[in-house]
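Work through the exercises below with the sequence and coordinates open. Each task is followed by a solution in steps.

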Amino acid sequence: MVLSFWEKEFIQEKFDVTILGAGITGTSTALSLLEKYPELKVCVIDRAPVSLGASTKNAGFACFGSPTELIHDIAVMGENKTAEIVKMRWLGLKKLLSRVPTKIMDYQQNGGYEVFDKEDATFGEAEQKLSFLNQFLADTIDIPEVFSVVNNTIWSSFYSKMISNPFEGSLQPAYMMLYLQDLARKRGVIFKSGVSVSEVLTEEKLLVTTEGYRVPFQTLCVTTNGFTRKLFPEAEVLPARNQVLITQELPDLPFSGCFHFQEGYYYFRNVGNRILLGGARNTDLQNESTDQFGNTTRIQDELIRFLERLYPGASDHIEMWWSGILGIGKVKEPILKWKNENIIFGVRLGGMGVAIGSYLGEKLADEIGISLGYKE
Ligand SMILES: Cc1cc2nc3c(=O)[nH]c(=O)nc-3n(C[C@H](O)[C@H](O)[C@H](O)COP(=O)(O)OP(=O)(O)OC[C@H]3O[C@@H](n4cnc5c(N)ncnc54)[C@H](O)[C@@H]3O)c2cc1C
């Protein structure tokens with residue numbers, strides 16, 4: 001599309017800080033920047049009207065780690081690194097809840113649960129480590145006794161016990177994002193929506209749009225998460241697709257809250273009387289390592305099989321499917337790193353960006369502030 005003179009002038013206007021990516025990370029960074037340094041001129045560029053990645057596509061869990069996921073993370077990354085990441089999630093959630101009214105984003109603290117297969121030993125291992133995990137969380141986020149074992153009186157298709165976490169909640173991610181962006185606009189952030197960037201000329205400090213317009217930047221903050229490699233092939237963040245379904249309203253839905261299974265690879269929750277179910281990426285890792293949106297028969301079949309365990313007959317009442325793209329890596333720690341003196345990355349939020357996004361935005365704003373000569 002050919003832009004008018006006015007549109008071109010607006011798109012090509014130079015800002016003190018240009019943020020690329022209007023998901024939760026980019027929008028939170030813009031908000032934190034103007035909270036700290038109100039005189040800055042800040043813009044956020046995105047190819048979509050609101051966002052097109054994960055922030056409006058996710059499952060809306062406000063969570064910070066299920067028992068088997070924490071056990072896995074501690075085994076891979078060690079206790080200190082895992083504690084750092086859990087703290088980021090916790091502080092991020094607190095920040096998010098301080099910004100967006102619970103009513104607006106339909107935040108409900110109905111608790112979270114991990115469910116287990118009957119036939120494997122995972123529950124026993126998790127139960128054995130429960131007091132260790134509770135002490136770990138008490139030391140990390142200062143809440144005692146986060147996890148406890150409860151009876152599973154809902155499903156005969158799963159193990160008879162589950163692990164409960166009353167501090168988890170759920171929310172509506174699109175309303176969350178719209179509110180955050182409105183708030184950012186009110187603070188003076190300019191959103192350049194519908195602008196897709198095809199190239200970053202680092203030396204010239206220019207973004208080139210898919211339509212060939214050249215947008216100068218002074219400081220660029222890259223928050224494109226799972227799509228970052230398209231612009232910076234060397235970035236240590238890989239795309240990963242997650243597919244999701246939601247059912248129609250079902251009579252007598254026997255559960256409410258957020259549920260995790262197999263280290264968080266499967267997740268489900270109630271949305272009113274509907275079931276939202278997603279994940280199973282671990283059953284087809286090769287094909288799901290992509291930044292292309294879409295649904296595949298293989299994952300759909302697996303999620304349908306799982307859905308039947310939750311509510312027999314529900315697969316006849318699936319209302320819709322969608323997908324979103326995560327940014328992942330070998331470790332779960334997000335990348336907060338300068339590429340050079342003008343470009344900073346805030347990417348790789350993994351499967352818990354609803355929690356980490358606001359925290360990472362705050363840290364990015366601090367870094368940018370220091371680089372612009374503000375005192376800490
Ligand atoms: C299906 C699914 C379920 C999930 N469930 C949960 C959950 O329940 N709880 C949780 O905490 N986390 C969950 N996550 C993870 C969470 O959603 C992400 O970690 C988080 O949204 C990442 O936010 P972000 O802002 O870093 O990236 P994104 O939200 O991906 O934002 C990146 C933005 O960059 C823009 N962009 C990219 N390239 C370009 C370009 N070249 N030009 C212009 N714009 C560009 C995109 O349009 C996009 O708006 C889930 C993710 C998925 C996919």
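**Exercise 1.** Find the polar contacts of the ligand with Ala 59, Ser 51 and Arg 47, then state how much of the ligand the protein buries.

Solution. The model is predicted. Step 1: take a cut-off of 3.5 Å between N or O atoms for a polar contact. Step 2: start with the backbone, where an N or O atom of Ala 59 is 3.1 Å from a nitrogen atom of the ligand. Step 3: go on to the side chains. Ser 51 places a polar side-chain atom 2.8 Å from a ligand oxygen, and an N or O atom in the side chain of Arg 47 is 2.9 Å from an oxygen atom of the ligand. Step 4: turn to area. The ligand taken alone exposes 1,000 Å², and the protein buries 97% of that.

**Exercise 2.** Describe the shell around the ligand by class and by secondary structure element.

Solution. Step 1: list the residues around the ligand, 39 in number; Thr 25, Asp 46, Ser 51, Ser 55 and Phe 61 come nearest. Step 2: sort the shell by class, which gives 19 nonpolar, 17 polar and three charged residues. Step 3: assign elements. At least two shell residues come from each of helix H2 (24-36), strand E13 (238-247), strand E17 (318-328) and helix H11 (353-371).

**Exercise 3.** Where does the ligand lie relative to domain 1 and domain 2, and what area is buried between these domains?

Solution. Step 1: the domain assignment gives domain 1 (5-57 + 174-237 + 332-371) and domain 2 (239-328). Step 2: both domains give residues to the shell, so the ligand lies between them. Step 3: the C-alpha centres of the two domains are 29 Å apart, and 15 residues of domain 1 are in contact with 12 residues of domain 2. Step 4: about 970 Å² is buried between the domains, with 58% given by carbon and sulfur atoms. Lys 57, Gly 226 and Phe 227 supply 42% of the area that domain 1 buries against domain 2.

Notes: Residues numbered from 1 in each chain as written. Predicted model: local features only at pLDDT ≥ 70, side-chain atom pairs only at ≥ 80, totals over all residues. Heavy atoms only, no water. Near = heavy atom within 4 Å. Polar contact = N/O pair within 3.5 Å; in protein donor to acceptor, adjacent residues only side chain to side chain. Areas by Shrake-Rupley, 256 points an atom, 1.4 Å probe, with all protein chains shown as cover. Helix = DSSP H or I, 4+ residues; strand = E, 2+ residues; numbered from the N terminus. Nonpolar A, V, L, I, M, F, W, Y, C, P; charged D, E, K, R; others polar. Domains from an automatic or database assignment. Contact = heavy atoms within 4.5 Å. Buried area = accessible area lost by both parts, 1.4 Å probe.
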